Amino acid sequence: MPRSERSPLLLAGLLATAGVAHFVSPRQFDETIPRALPGAPRTWTYASGVAELALAAGLVSPRTRRAAARAATAFFVGVFPANVQMAVDWRDRPAPQRTAALARLPLQVPLVLWARGVARNAQGQS
């Protein structure tokens with residue numbers, strides 16, 4: 001399988017794994033939902049899990065890959081506030097947890113770039 005085909009499938013796998021995790025262990029995600037958002041955190045947790053699963057499904061098919069990759073790019077930008085919220089909320093936790101929360105912030109950049117690259121590479125596909 002060419003590298004250009006593996007990349008979207010790996011991204012789909014990452015998103016699918018994260019999406020499933022939102023349903024298997026929702027409490028950890030509830031804690032990252034910014035309090036400024038209306039409604040219950042669990043609703044946002046489940047909605048983001050559904051979004052991740054839908055994005056993963058879209059990335060698998062070459063016909064929908066470009067649109068799904070563009071949506072994934074926007075999604076990764078959109079969930080950044082949850083990562084910031086986690087870093088703020090976890091500032092008093094033990095060092096390993098604090099470090100993990102802070103490490104998530106710069107990791108969002110490669111995810112955005114990865115999804116954007118998948119979208120660009122999918123432009124020639126139909």
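This report describes the nonpolar core, one helix pair and one buried residue of a predicted model.

## Basis

Local features require pLDDT of at least 70 and side-chain atom pairs pLDDT 80 or more, while totals for chains, interfaces and linings use all residues. Residues are numbered from 1 along each chain as its sequence is written, and side-chain values use heavy atoms, without hydrogens and water.

## Nonpolar core

The largest nonpolar core (buried Ala, Val, Leu, Ile, Met, Phe, Trp, Tyr and Cys residues joined through side-chain atoms within 4.5 Å) has 16 residues, of which Leu11, Leu15, Leu59, Ala72 and Phe76 touch the most other members. At least two residues of this core come from each of α1 (3-24), α3 (41-60), α4 (65-78) and α6 (95-122); helices are DSSP runs of H or I, at least four residues, numbered from the N terminus.

Beyond its neighbours within four places in sequence, Leu15 is in contact (heavy atoms within 4.5 Å) with Glu52, Leu55, Ala56, Leu59, Ala72 and Phe76.

## Helices α4 and α6

The axes of α4 and α6, lines fitted to C-alpha atoms over the stretch in contact, come within 8 Å and cross at roughly 165 degrees. The two helices are therefore roughly antiparallel (angles over 145 degrees, on a scale from 0 to 180 between N-to-C directions).

Among the residues that meet are Ala72 and Phe76 in α4 and Leu111 and Val112 in α6. The residues of this contact comprise 10 nonpolar, two polar and four charged, with Asp, Glu, Lys and Arg counted as charged.

## Asn83

Asn83 lies in helix α5 (residues 80-89). Asn83 counts as buried (under 20% relative accessible area, 1.4 Å probe, protein chains only) because its relative accessibility is 4%. Outside four places in sequence, Asn83 is in contact with Arg104, Leu105 and Gln108.

How values were computed: Buried < 20%, exposed > 50% of the residue type's maximum accessible area, 1.4 Å probe, protein only. Parallel < 35°, antiparallel > 145°, perpendicular 65-115°, else oblique.
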